[in-house]
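Biologist: I should like to learn how the features of a model such as this one are to be read. May we go through them in turn?

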Amino acid sequence: MKVDGKHFRSIWRERDGWSVGAIDQRRLPHEFVIARLTSCEDAAVAIRDMLVRGAPLIGATAAYGMALAMREDSSDAGLKRAYETLIVARPTAINLKWALDEMRATLAPIDPLERAEAAYARADEIVEQDVEINRGIAANGLQLIEAIAAKKPGETVNVLTHCNAGWLATVDWGTATAPIYLAHERGIKIHVWVDETRPRNQGASLTAWELGHHGVPHTVIPDNTGGHLMQHRMVDLAIVGTDRVAANGDVCNKIGTYLKALAAHDNGVPFYVALPSPTIDFAVNDGIKDIPIEQRSGVEVTDMTGRTADGRLETVRIVPEGSPVANYAFDVTPARLVTGLITERGVLKPDRASLAAAFPERIAAA
Ligand code: MRU
C-alpha cells in the first residue's frame with residue numbers, strides 16, 4: 001500500500017537479492033524506519049520483539065528466516081536448527097508453524113547445495129500467495145459491505161476493528177482491512193472505528209496510521225467504547241483478524257476481541273473474522289482449551305511510550321510501583337459469537353464442516 005505516495009509492502013527482498021527489508025513496526029506511527037535482516041537470528045528476534053507482527057507477516061518473516069539460515073548452513077543440522085530457532089519466536093499465530101512446515105517440506109528432500117536458492121524461491125511464493133489471498137478476502141468481504149451500503153443509500157457504513165489486521169500485519173492489503181480498502185476504492189462511503197488495542201496500541205499506532213495514509217475516514221476509540229457505539233447503532237459490522245482459527249471455528253485474536261464479539265452479539269451487530277487459510281489449525285479442535293495464549297512482559301502494561309510536543313519519544317510509567325500486572329496477549333472468541341469467516345474462498349460459517357469443505361487440502365496436511 002502507499003506511504004507518502006510510494007508503494008510499500010511490509011517485507012521484501014532487498015536489492016542485493018538475499019537480505020530482507022521490513023518496516024520496523026515498533027517505531028510507528030512516530031518514525032518510518034526500515035530494518036535489514038541478514039540472518040536467521042535477525043528474523044527470529046524481529047518476530048519475538050515485534051519489529052514485525054501480525055500472523056501472516058510472522059509467517060512470511062519466518063520463511064525468509066529459513067532462507068537466510070540456508071545461506072549460513074544448508075546441512076540437515078542447519079535446517080533443523082533454523083526451524084527450532086524460529087518456531088519458538090512467538091507461540092500463538094499458527095502461520096509461523098505453517099510457513100516453517102512449508103519451508104521444511106520443500107527443503108528437506110533436496111540436495112543441501114540447492115537449498116538456499118530453493119528456500120528463497122519458496123519464501124517468495126509464500127509472500128506472493130499472501131497478497132493473492134488477501135485480494136480474495138477483499139473481494140468476498142466487499143460483498144458484505146456492499147449489502148449494508150445498499151440498505152442505507154447515501155449513508156456511511158461504519159466498521160469496527162480491533163488490533164491491526166491491516167497491510168502491516170500481512171504482506172500487503174491486510175485481512176480485516178482488505179475489504180475496507182476495496183470498498184473505499186470503489187467509492188463506498190466507509191468509516192472505521194479503530195480500537196486503540198492496549199497494551200501495545202496496534203490500533204492507535206498502526207491501523208490508524210495505515211488508514212490515514214490511504215485516506216480512509218476513521219476514528220480511534222478507547223478499547224472500552226465498542227459496546228456503547230453498538231448500543232447506539234453506530235456500528236454496522238465488526239471485522240477483525242485472527243492469529244489462529246480452530247477446526248471448530250473458534251477464533252483466537254488480540255486480547256479484547258472476545259469482549260467485542262459479546263457486545264456485538266448482544267446488539268445484533270454482525271461480527272466477521274477475516275482470515276487467510278494458513279491461519280486455520282485443523283489440529284486444534286477446541287480453540288478455548290487448546291490454543292496457547294502468549295503472555296508478554298508486564299512492562300507493556302505498566303509503561304507507555306509516546307511523542308512529546310517537542311518531538312521526543314518518551315516512556316512513562318502509568319501503574320503504581322509494586323502493583324502486579326498480567327499481560328495475556330490474545331483471547332478466544334467462541335464460534336457461536338462469530339457471524340462468518342471471510343476467507344479467500346468465500347464467507348464461511350464458523351464450523352468444522354464449512355472449513356473442511358472449503359479447505360480439504362489443509363485437513364489432509366494436519
Ligand atoms: O500481537 P500482534 O500484534 O502480532 O497481534 C496481531 C493480531 O492479533 C492480528 O489481529 C492478527 O495477527 C491478524 S493479522 C492479519
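The dialogue below takes up the domains, the ligand shell, the annotated residues and one helix.

Modeller: Please keep in mind that this is a predicted model. We may begin with the domains.

Biologist: Into which domains is the protein divided?

Modeller: The domain assignment gives domain 1 (2-129) and domain 2 (141-365). Their centres, taken over C-alpha atoms, are separated by 24 Å.

Biologist: How should one describe the interface, and how many residues of each domain are in contact?

Modeller: The size of an interface is often given as the accessible area lost when the parts come together. Here a count of residues serves instead: 25 residues of domain 1 are in contact with 28 residues of domain 2. On the side of domain 1 that touches domain 2, the elements giving two or more residues are β1 (2-3), α2 and α4. Of these, α2 gives the most, with 5 residues. By type, that side of domain 1 divides into 14 nonpolar, 7 polar and 4 charged residues.

Biologist: Which residues come nearest to the ligand?

Modeller: There are 17 residues around the ligand, and Arg 53, Ala 55, Ala 169, Gly 241 and Lys 254 come nearest. The elements that contribute two or more residues to this shell are α2 and β11 (251-254). Both domains take part, since domain 1 and domain 2 each supply at least three residues of the shell. Its composition is 7 nonpolar, 7 polar and 3 charged residues.

Biologist: Which residues does UniProt list for "binding site"?

Modeller: The unreviewed UniProt entry lists Arg 53, Gly 54, Ala 55, Arg 90, Gln 202, Asn 253 and Lys 254.

Biologist: Let us consider Arg 53 from that list. Where is Arg 53 placed, and is Arg 53 buried or exposed?

Modeller: Arg 53 is in the loop between α1 (40-48) and α2 (55-72). Arg 53 counts as buried because 23 other C-beta atoms lie within 10 Å, and the threshold for that class is 20 or more. Not counting residues up to four places away in sequence, Arg 53 touches Gln 25, Ile 58 and Ala 169.

Biologist: And where is Arg 90 found?

Modeller: Arg 90 is found in the loop between α3 (76-87) and α4 (95-107). Arg 90 is buried, as 22 other C-beta atoms lie within 10 Å. Beyond its neighbours within four places in sequence, Arg 90 is in contact with Ile 47, Arg 48, Ile 58, Leu 96 and Glu 294.

Biologist: Which residue does the "active site" annotation cover, and why does that residue count as buried?

Modeller: The annotation, again from the unreviewed UniProt entry, covers Asp 243. Asp 243 counts as buried because it has 32 C-beta neighbours inside 10 Å. Asp 243 lies in the loop between β9 (237-240) and β10 (244-246). Among the residues that Asp 243 touches, leaving out those up to four places away in sequence, are Ala 55, Thr 92, Asn 253 and Phe 330.

Biologist: How does one read the buried face of a helix, and which residues of α1 are buried?

Modeller: An α-helix has 3.6 residues a turn, so residues three or four places apart point the same way. In α1, the buried residues are Cys 40, Asp 42, Ala 43, Ala 44, Ala 46 and Ile 47. They pack against β4 (20-23), β5 (34-37), α2 and α3. After α1 comes Met 50, with a positive phi near 65°.

Biologist: Why is Gly 215 classed as it is?

Modeller: Gly 215 is exposed because 11 other C-beta atoms lie within 10 Å, and that class requires 12 or fewer. Gly 215 is in the loop between α7 (202-214) and β8 (218-221).

How values were computed: Residues numbered from 1 in each chain as written. Predicted model: local features only at pLDDT ≥ 70, side-chain atom pairs only at ≥ 80, totals over all residues. UniProt positions renumbered as here; feature names shortened; annotations may be inferred. Helix = DSSP H or I, 4+ residues; strand = E, 2+ residues; numbered from the N terminus. Contact = placed C-beta atoms within 7 Å. Near = placed C-beta within 6 Å. Nonpolar A, V, L, I, M, F, W, Y, C, P; charged D, E, K, R; others polar. Domains from an automatic or database assignment.
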